[in-house]
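Subject: Structure for your files

Hello,

Here is the structure I said I would pass on. My notes follow below it.

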Amino acid sequence: MSAPVPTPVSPVSARHVTSGGTRVYTLSVPAFPHFAANVFVVVRGEPARPTYTALIDTGGSHEASTAALEAGLEAIRRESGEAVSWKTLSRVVITHPHPDHVAGLPFVRGRTNAPVAAHEWAVQTIEQPEGDPVARPAEMEEHIRWLGLTGGGTEAEYAERLRRRARNTMLPEAVEVQTPLRDGDVLDDVFTVLHTPGHEGSQVCLRVDDLLLSADHLLPRNSPPLMPARFQRGAGLRHYLASLEHIEGLEGVGVALGGHDGPMHHWQERIQSLRERYADKLGAVLDAAAEPITVHDLTHALHPRLKPIQAILLLDQTAALAEYLAERGELLETRREDGAALFVRA
């Protein structure tokens, strides 16, 4: 007796219909190994003859991610009768230039001529992903010193990992951005653009009718990784908290769809829980900074069981927390002779 054939899992993880009849399909694609990102297909008009189709983000550049993107479009055609294809695509929007959201863009550009839109601060990263070959490493070396990574052991290990990160690019090749976006823009008479810096300085959320595409600004399960604003324009906790306020005041939004995981029907409650979470983190930093301490040592004080795979993200986050408290005057920042920042409770 033959074993039953398992039912294939659809690449379309959700379908939402807005108050204006716009269909929003969520595709979950493997942006990194064991880490999925959401890509959205937004459709207006009759299914058999859509008047507008947009792709929001593109996933990763590796074959598993791009294959999932192709399969997702096919599934939307097959399961929902939407006549969507690369040929009929009207627009590609990048919410922010992190590799799990933008690295698939060269693949997408090879299949469609649909114009690309991204925040004006993201244009340089997308059109010149290699960056300045002289300034970029120099900026990282100064940042390494500021973090206190000037010794041996984990300091040397983290410094080398940060150097490797500086050599990586957000996408494998350049793509032209036809439409730079700004806060308050209305794109294609479909999306209201909300600039939400913090997690990434050029990040945007997109409102369509009563639905919010909240990118990595608002996620249902995690707080997004932050790095200090001193290292990236628009990054940092001050910008992130201000951006939470920016979207919290939206009226008439019933559901938010983030760049990872599932929908958020109680998205404003999620904003409040994030504020409370950061208040706890800030309190822990103040408690740990009774004596002058580097960001490296502060990270280990806050996370004594730190796993190596988490180290760089937690180093970034600790730096962002310390920077924010220094801006508020709750921590005092001085410099050690080697350039390392020292933080102490005011």
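The main item is an open sheet of seven strands, ordered 1-2-3-4-5-6-7, with mixed pairing. Strand 1 (12-17) and strand 7 (179-181) are at the edges; each has a single partner strand, so one side of each has no neighbour in the sheet. On average, neighbouring strands are turned by 25° against each other, direction ignored. Please keep in mind that this is a predicted model.

Within the sheet, I looked at one pair in detail. Strand 2 (residues 23-32) and strand 3 (residues 35-46) run antiparallel and are joined by nine bridges. In this pairing, V29 is opposite A37 of strand 3.

Helix 1 (residues 63-80) packs on the sheet. The strands touched by helix 1 are strand 1, strand 2, strand 3 and strand 4 (49-56). The direction of helix 1 makes about 155° with that of strand 2.

The other item is a helix pair. Helix 8 (residues 267-288) packs against helix 10 (residues 311-327) at an angle of about 80°, and their axes are 10 Å apart. Angles of 65 to 115 degrees count as roughly perpendicular, so helix 8 is roughly perpendicular to helix 10.

Which residues make the contact between helix 8 and helix 10? From helix 8 they are Y278, K281, L282, V285 and L286, and from helix 10 they are Q317, L321, Y324 and L325. By class, the residues of this contact are seven nonpolar, one polar and one charged.

Regards

Technical notes:
Residues numbered from 1 in each chain as written. Predicted model: local features only at pLDDT ≥ 70, side-chain atom pairs only at ≥ 80, totals over all residues. Heavy atoms only, no water. Pairing = 2+ DSSP bridges. Helix = DSSP H or I, 4+ residues; strand = E, 2+ residues; numbered from the N terminus. Axes fitted to C-alpha atoms, helices over the stretch in contact; angles between N-to-C directions. Contact = heavy atoms within 4.5 Å. Parallel < 35°, antiparallel > 145°, perpendicular 65-115°, else oblique. Nonpolar A, V, L, I, M, F, W, Y, C, P; charged D, E, K, R; others polar.
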